[in-house]
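Here is my note on the model you sent round. Please read it with the structure open beside you.

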Protein chains: 2
Amino acid sequence: MSTVDLSELEPVERRSTAAIVADRLRTAIMRGTFPPGTQLGEVELAARLGVSRGPLREAMQRLVAEGLLRSERHRGLFVRELGAEDVRDVYTARTAIERAAGLLLLAGDRAAAAERLTAALSRMEAAAADPVALADADHAFHAEFVAASGSPRLRRMAETLLVETRMCLAALQETLPPAAALIAEHRELCDAVRDGDAERMAAVLEAHMADAVARILAPDAPVPAVPA
Amino acid sequence: MSTVDLSELEPVERRSTAAIVADRLRTAIMRGTFPPGTQLGEVELAARLGVSRGPLREAMQRLVAEGLLRSERHRGLFVRELGAEDVRDVYTARTAIERAAGLLLLAGDRAAAAERLTAALSRMEAAAADPVALADADHAFHAEFVAASGSPRLRRMAETLLVETRMCLAALQETLPPAAALIAEHRELCDAVRDGDAERMAAVLEAHMADAVARILAPDAPVPAVPA
DNA sequence: CCTCGTACTATTGTCAACAATCCGCGGCGC
DNA sequence: GCGCCGCGGATTGTTGACAATAGTACGAGG
């Protein structure tokens, strides 16, 4: 038959300029290009992005709604600065979201989910050498974890929280843990999902988050984990 | 001493126009003034609100980021329509958030939290006769529940989800449950918080959410609850 | 009778200019 | 010397108008 591959020509729809600008700014903030506390001048940003101030302001309002920017009236927009309290808050929220996503995962197609997660895990292993690539892979793993749950709202919230997580890392000297320990924790999560063990999954997840908070807030304190 | 009451003159700062417009639109959508699927014409809305299209567009982008509006390029902005799948999704997300908030509550000052909740509960009882006032009070109770946890992120997410909840109710004929049963469920939640019983709190919460989903999606099916 | 092409209209997307507001600095009075 | 007032510069908030695009209706052609 003359049926050709249609999988690649569905999403012809270009998104609005404001959405593109918002994405660009989000990644820039996430990567630490704009350190927390810096003011985002509208005219300079607009010129640099090649758009006018209108769409730029719309994009900024979106980021304000996401909690990444803080708006002071007639003063300007500033990159939100995250303190210790915020780190704890981000991780408690992440724990809540990812735990719920994990439970949905277990209730759904565990095999497919485990496969997606192991794929993401292998990408983490491939990036173990490069710290920034490892951080990207970690981000992608958790995003995949929540996305696989099939819940669009959990997914959106998790994405916002992951961006804030990376802001924390970038701001607080990005003390990434040893790659081996990090990967081991994620592998355990994968196994729990594949086995359908909800208790273990939740426990591993909570321990993972608690470890991350402890590591970020007290970089010197050693975190008990698997040695290698 | 000459110390006067300072509690009421701190927040002199007026918020930006876009924020005000966003609030106005949010409540309008929440109350069902704009039924799901309706297009929000910019010129008409701007004229009706007495602002220009610029701030209005910024407010709308905020609501898009919150998931209340859906943007189609060169077509306009429409109120997001929620189906059965969305109802389930909203309530799973709410369960995740409120469960986490409840755990934080138990870890903090239980007595103060219980007091705030019982106050909110009494407001529900006072509004038992009027369905819309009862819905408002229910909304306020859950908002208070999450706010008392002290987590700004959980609070913000919960607020968005509560707005979506009311959209669901307004769209699907707002079949509110009998006031007595509703209040009884919330009172049980209060008691669990005061007693510090995490297991019971989570169980009550999940049952409450499951009941709500069942009621919304199948209005005729009787929900087993306390008779009166 | 149905289908394709085309002009029109209404709406959104974008832009540049105007007005209001706030910070920093210099001068004045006490 | 210290504090207050006023002014200049810069930035944000807002406005109106211009341009591009999608939907719609009408008419021509098969």
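1. Where in chain A is A:Ala127 found? This is a predicted model, and in it A:Ala127 sits in the loop between α5 (110-126) and α6 (131-147) of chain A. Its surroundings are of middling density: 19 other C-beta atoms lie within 10 Å, and the cut-off for buried is 20 or more, so A:Ala127 is partly exposed. Beyond its neighbours within four places in sequence, A:Ala127 is in contact with A:Ala133, A:Leu134, A:Asp136 and A:Ala137. A:Asp138 is 11 residues away from A:Ala127 in sequence, with the two C-alpha atoms 9.6 Å apart.

2. Confidence. The mean pLDDT of chain A is 88. Of its residues, 88% reach 70 or more. Within chain A, α2(A) has the lowest confidence, at a mean of 90. Helix α4 (residues 84-107) of chain A has the highest, at 96. A general caution applies: where pLDDT is low, the predicted coordinates should not be read in detail.

3. Overall build of chain A. Chain A has nine helices and two strands. Read from the N terminus, the order is α-α-α-β-β-α-α-α-α-α-α. Of its 228 residues, 37% count as buried. Take the contacts in chain A between residues at least 6 apart in sequence: 70% of them join residues at least 24 apart.

4. Helix α3 of chain A. How many of the 14 residues of α3(A) are buried? The number is 12, so the helix is largely enclosed by the rest of the structure. Among the buried residues are A:Pro55, A:Leu56, A:Met60, A:Leu63 and A:Val64. Charged side chains are on that list too, including A:Arg57, A:Glu58, A:Arg62 and A:Glu66. The length of α3(A) (residues 53-66) checks out: at 1.5 Å a residue it should span 20 Å, and its end C-alpha atoms are 20 Å apart. A:Gly67 follows α3(A), with a positive phi near 90°.

5. A buried methionine. A:Met167 belongs to helix α7 (residues 152-171) of chain A. Is A:Met167 buried or exposed? A:Met167 counts as buried because it has 25 C-beta neighbours inside 10 Å. Setting aside neighbours within four places in sequence, A:Met167 is in contact with A:Ile29, A:Met30, A:Pro36 and A:Leu82. A:Thr27 is 140 residues from A:Met167 in sequence, yet 10.0 Å away in space, C-alpha to C-alpha.

6. His74 in both chains. A:His74 is not a glycine, yet has a positive phi of about 60°. A:His74 lies in the loop between β1 (69-72) and β2 (76-79) of chain A. With 6 other C-beta atoms within 10 Å, A:His74 is exposed. B:His74 also has a positive phi of about 60°, and is placed in the loop between β1 (69-72) and β2 (76-79) of chain B. B:His74 has 5 C-beta neighbours inside 10 Å and counts as exposed.

7. How the two chains relate. A turn of 180° and a shift of 0.0 Å along the axis lay chain B on chain A, with an RMSD of 0.0 Å. That is the relation of a two-fold axis. The contact takes 31 residues from chain A and 30 residues from chain B. On the side of chain B that touches chain A, α3, α4 (84-107) and α7 (152-171) of chain B each supply at least two residues. The largest share there, 10 residues, comes from α4(B). By class, that side has 11 nonpolar, eight polar and 11 charged residues. The copies meet through the same surface, because 100% of the interface residues of chain B are also interface residues in chain A.

8. The DNA. Which residues come nearest among the 16 around DNA strand C? They are A:Thr17, A:Ser52, A:Gly54, B:Glu42 and B:Gly76. The surface near strand C draws at least two residues each from α1 (17-31) and α3 of chain A and from α2 (42-49) of chain B. Around DNA strand D there are 16 residues, of which A:Glu42, A:Gly76, B:Thr17, B:Ser52 and B:Gly54 come nearest. Here α2 (42-49) of chain A and α1 (17-31) and α3 (53-66) of chain B give two or more residues. The surface near strand D has four nonpolar, eight polar and four charged residues.

How values were computed: Residues are numbered from 1 along each chain as its sequence is written. Chains are lettered from A and ligands numbered from 1 in the order in which they are written. This is a predicted model: local features need pLDDT of at least 70, side-chain atom pairs count only at pLDDT 80 or more; totals for chains, interfaces and linings use all residues. A residue is near a molecule or strand if its C-beta atom, placed from the backbone, lies within 6 Å of it. Helices (H or I, at least four residues) and strands (E, at least two) are DSSP runs, numbered from the N terminus. Two residues are in contact if their C-beta atoms, placed from the backbone, lie within 7 Å. Copies are superposed by least squares on the C-alpha atoms of residues with pLDDT of at least 70 in both. The expected span of a helix is 1.5 Å times one less than its number of residues. pLDDT is the predictor's confidence in each residue, from 0 to 100.
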